[in-house]
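Trainee: Could we go through this structure together, one question at a time? I would like to hear the reasoning behind each answer.

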Amino acid sequence: MSKLIINGGKKLFGAVNIHGAKNSVLPILAATVLCHGTSIIHNCPQLSDVSASVNILKHLGCKCFYKQGTITVDTTEIKCSRIPDNLMRKMRSSVIFLGAILARCGNAVISSPGGCELGPRPIDLHISALKRLGATVSENHGLIELNAPDGLVGADINLSFASVGATENIILAAVTARGTTVINNAAKEPEIVDLANFLNSCGARIFGAGTDTVTIYGVNQINCCCHKVIPDRIAAATYMAAAAITGGEILLKDVIPSHLNAINSVFEEAGCTIKCDSNSLYIKAPCQLSRVSCVRTVVYPGFPTDAGPLILAILTKANGTSLFVENIFENRFRYIDELCRLGANVKTEGKIAVVEGVNSLSAAPCKCTDLRGGAALVVAALAAKGTTVISDIYHIKRGYENITQRLSALGAEIKEI
Ligand code: EPZ
């Protein structure tokens, strides 16, 4: 298994292009199942999660081609409505295909997605919403089967939690349902707006995406379109953290600054200088990072859970004590034991983490526990004295395109073996 070797202590300088958003590409690839014909999706990053989604599309009978960041998907032929266990296990978020397959085929079978590194990832909100739209559900032997032989019918759906995936699955199922669907307490993440924009370009009628009430007027059929995926705001936060912890200054290109408002505020409270242009962001680290009184992870537009590990990593070297409250995933802190191997002083209790800043971090072998936790180890290793070896980096490859090349270009001493 490959590892990352990082020789810490180098300040990062220069410019980095931010790749397309993983959490936008995945639901948009699922949405192509609704189209009859060929869709072209630009700005798709080369990630293992994206490859997993392409493999699911091919398994369903679609023709897919990936060339220089563009995925061409021909969904004229869909011969199967079942995602097998081996493909489901490759990527837990494959559940996002459920609504689109059900709407297109009248039937969908997935293996129970189970948990992931972040804890149990129930899909009760997805299932109850799809039942509201007229699907019948049966679960046995680890398989979940949904049926709607007469098609789906629009309904009012109240989400008890503003779940990103559930909001996306409801939109995908409702686009060609008969009648109108209203989602109350919908998630407002930018990736949901991107999905709605893709679908509306294909002829769907979705209103209110990005607000907590989304209305979908069902249409008989949607066509295909060309679409460019938005930039990945969490990848942006990751490179900002790399600059902040090494005392450097970098320019992030191809970002949407307004997607980073909550993230920018925390970096500024930690002492960083941030200047935004229409599609770029400049960040300069202070000589010494300051503590941040409290970081609470909440749904968008609040501070995102996925950026939590990256900010926590830089605060391990801040002057003072910072408090973290993780409100979204119960196992989000699994990476912290590994971070402490690098000399960080972090205590966790339930959803609370207390970060006592230390003067310096020191290299040690460590292991990725999940995608963003793995990225946090890379950020910390960039500032740790000595050479850190990070293993199980397959987690990082799920969500970061060419992270080694991008960090090397900024002056980091990093290589993959
Ligand atoms: C999406 O996951 C993202 N994944 C996550 O990124 C992100 O952390 C999360 O949203 C929150 O922003 C993708 O978009 C592919 P949720 P999702 O449904 O949709 C509970 C990454 O690797 N819940 O908003 O699964 C759930 O247990 C990932 O990039 C239910 O209880 O997130 C969790 O505690 C990590 N029942 C909370 O809601 C349900 O039916 C957030 O889940 C669904 C969710």
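Mentor: Gladly! Let us start with a term: contact means heavy atoms within 4.5 Å. Keep in mind, too, that this is a predicted model.

Trainee: Then let me begin with Thr32. Is Thr32 buried or exposed?

Mentor: Thr32 sits in the loop between α1 (22-31) and β3 (38-42). Leaving aside neighbours within four places in sequence, its contacts are Ser39, Ile41, Leu57, Val73, Thr75 and Phe198. Buried means under 20% relative accessible area. Because Thr32 has a relative accessible area of 0%, the answer is buried.

Trainee: What about the helix before that loop: how many of the 10 residues of α1 are buried?

Mentor: The buried residues of α1 are Lys22, Ser24, Val25, Leu26, Pro27, Ile28, Leu29, Ala30 and Ala31. The helix is therefore largely enclosed by the rest of the structure, and the number of buried residues is nine.

Trainee: And how do α1 and α2 run, roughly parallel or roughly antiparallel to each other?

Mentor: Their axes come within 10 Å, with α2 covering residues 48-60, and they cross at roughly 0°. Angles under 35 degrees count as roughly parallel. The two helices, α1 and α2, are therefore roughly parallel.

Trainee: Which residues of α2 does α1 meet?

Mentor: From α1, the residues involved are Lys22, Val25, Leu26 and Leu29. By class, the contact of α1 with α2 has six nonpolar, one polar and two charged residues. On the α2 side, the residues met are Asp49, Val50, Ser53, Val54 and Leu57.

Trainee: Now to a sheet. Which are the edge strands of the open sheet of four strands?

Mentor: The order in this sheet is β18-β19-β21-β20, with mixed pairing. An edge strand here pairs on one side only, and that picks out β18 (294-297) and β20 (345-349).

Trainee: Within that sheet, which residue in β21 is the bridge partner of Asn345?

Mentor: Strand β20 and strand β21 (residues 352-356) run antiparallel and are joined by five bridges. In β21, the partner of Asn345 is Glu356.

Trainee: There is a helix across these strands. At about what angle does α10 run to β19?

Mentor: Helix α10 (residues 308-315) lies across β18, β19 (321-326), β20 and β21. This helix is mostly covered, as eight of its eight residues are buried, among them Leu310, Ile311 and Leu312. The angle of α10 to β19 is about 165°.

Trainee: Let me turn to another pair of strands. Which residue in β17 does Lys275 stand opposite?

Mentor: Strands β16 (residues 273-276) and β17 (residues 280-284) pair in the antiparallel sense over four bridges. They form a hairpin, with three residues between them. Opposite Lys275 in β17 stands Tyr282.

Trainee: Finally, the aromatic pair: is it stacked or edge-to-face?

Mentor: The structure holds one such pair, with Phe207 and Tyr217 5.6 Å apart centre to centre and 70° between the planes. Phe207 is in strand β12 (residues 205-207) and Tyr217 in strand β13 (residues 213-217). Planes over 60 degrees apart count as edge-to-face. The pair of Phe207 and Tyr217 is edge-to-face.

Trainee: What is the relative accessibility of Phe207?

Mentor: Its ring partner, Tyr217, is partly exposed, with a relative accessible area of 32%. Phe207 counts as partly exposed as well, because its relative accessibility is 44%.

Notes: Residues numbered from 1 in each chain as written. Predicted model: local features only at pLDDT ≥ 70, side-chain atom pairs only at ≥ 80, totals over all residues. Heavy atoms only, no water. Buried < 20%, exposed > 50% of the residue type's maximum accessible area, 1.4 Å probe, protein only. Pairing = 2+ DSSP bridges. Axes fitted to C-alpha atoms, helices over the stretch in contact; angles between N-to-C directions. Parallel < 35°, antiparallel > 145°, perpendicular 65-115°, else oblique. Nonpolar A, V, L, I, M, F, W, Y, C, P; charged D, E, K, R; others polar. Phe/Tyr/Trp six-rings, centres within 6.5 Å; stacked < 30°, edge-to-face > 60°.
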